[in-house]
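Biologist: I should like to learn how the terms used for a protein model are justified. Please set each value beside its definition.

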Amino acid sequence: SVHSIFGQTSSEDRNSQLQTGTSGQFPPILLVGSNNAEESYNDYALTILGDLTVVGARYANIAYTTEGCVYNTIKTFVNNTENDITVNEVGLYQHFSENFDALLYRKKLDKPVTLKAFGGTATFNLVIDIPYANKP
């Protein structure tokens, strides 16, 4: 369900986060979470930090090479709460339909990033190299 992935957000908030594509197409989005467990093949969700606000431009690009493709996304978050918030993981989600969202990639950060209360910001850049499965 949407809530298991995006926390307690309204449908309107979720759509504003996701809908940067056209004709109902949603590009993958970068989200951050608090789980500090090691990565696992069985990872299916982040522990989403719903108190953070996305600020500024969001950037996403796919570059194709002879080896595969590289997906690069950048997003800046701000903490407008009265408590510090620590980010331990980043992930890439894809929205497929109203009832189906999937975690495509999860990375536990080598060092947690703490966003200080009352305006602390952090920018996260996720680059994923996706090799072609059947390279000639």
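Biologist: What makes a set of residues a nonpolar core, and which members of the largest nonpolar core touch the most other members?

Modeller: A nonpolar core is a set of buried Ala, Val, Leu, Ile, Met, Phe, Trp, Tyr and Cys residues joined through side-chain atoms within 4.5 Å. The largest one has 17 residues, and Val32, Leu52, Phe77, Val87 and Phe124 touch the most other members. Two or more residues of this core come from each of E1, E2, E3, E4, E5 and E6. Another core, of five residues, lies apart from it and includes Ile29, Leu31, Leu46 and Leu103.

Biologist: On what basis are such values obtained?

Modeller: The model is predicted, with local features needing pLDDT of at least 70 and side-chain atom pairs counting only at pLDDT 80 or more, while totals for chains, interfaces and linings use all residues. Residues are numbered from 1 along each chain as its sequence is written, and side-chain values use heavy atoms, with hydrogens and water left out.

Biologist: Why is Phe77 called buried?

Modeller: A residue is buried under 20% relative accessible area, exposed over 50% and partly exposed in between, with a 1.4 Å probe and protein chains only. Phe77 has a relative accessible area of 4%, so Phe77 is buried. Phe124, at 7%, is therefore buried as well. In the protein chain of 136 residues, buried residues make up 35%.

Biologist: What does Val87 touch, and how is a contact defined?

Modeller: A contact requires heavy atoms within 4.5 Å. Leaving aside residues up to four places away in sequence, Val87 touches Val32, Gly33, Leu49, Leu52, Leu109, Pro112, Val113, Leu115 and Phe124. For the protein chain, among contacts between residues at least 6 apart in sequence, 66% join residues at least 24 apart.

Biologist: How many helices and strands are there in the protein chain, and how do you know what to count?

Modeller: Helices (H or I, at least four residues) and strands (E, at least two) are DSSP runs, numbered from the N terminus. The protein chain has two helices and six strands. Their order from the N terminus is α-α-β-β-β-β-β-β.

Biologist: What makes E2 and strand E3 a pair, and over how many bridges?

Modeller: Two strands pair if DSSP finds at least two bridges between them. E2 and strand E3 (residues 68–79) have 10 bridges in the antiparallel sense, and therefore satisfy that rule. Asn61 has Asn72 in E3 as its bridge partner, and Ile62 has Tyr71. E2 and E3 form a hairpin with three residues between them. E3 is also joined to E6 by 12 bridges, again antiparallel, with Gly68 opposite Pro131 in E6. The result is an open sheet of three strands in the order E2-E3-E6. Its edge strands are E2 (52–64) and E6 (120–131), each pairing on one side only. Within E3, nine of its 12 residues are buried.

Biologist: Why are strand E1 and strand E5 said to stand at the edges of their sheet?

Modeller: That open sheet is antiparallel, in the order E1-E4-E5. E1 (29–33) and E5 (100–115) each have a single partner strand, so one side of each is left without a neighbour in the sheet. E1 pairs with strand E4 (residues 85–97) over five bridges, and the partner of Gly33 in E4 is Glu89.

Biologist: Why is the aromatic pair of Phe77 and Phe124 called edge-to-face?

Modeller: Rings of Phe, Tyr and Trp (its six-membered ring) pair if their centres lie within 6.5 Å; planes under 30 degrees apart count as stacked, over 60 as edge-to-face and the rest as tilted. Here the centres are 6.0 Å apart and the planes stand at 65°, so the pair meets the rule for edge-to-face. Phe77 lies in strand E3 and Phe124 in strand E6, so the pair ties together parts that are 47 residues apart in sequence. By this rule there are two aromatic pairs.

Biologist: What is the phi of Phe118, and is Phe118 buried or exposed?

Modeller: Most residues other than glycine have a negative phi. Phe118 is not a glycine, yet its phi is positive, about 60°. Phe118 lies in the loop between E5 and E6. Its relative accessibility is 66%, so Phe118 counts as exposed.
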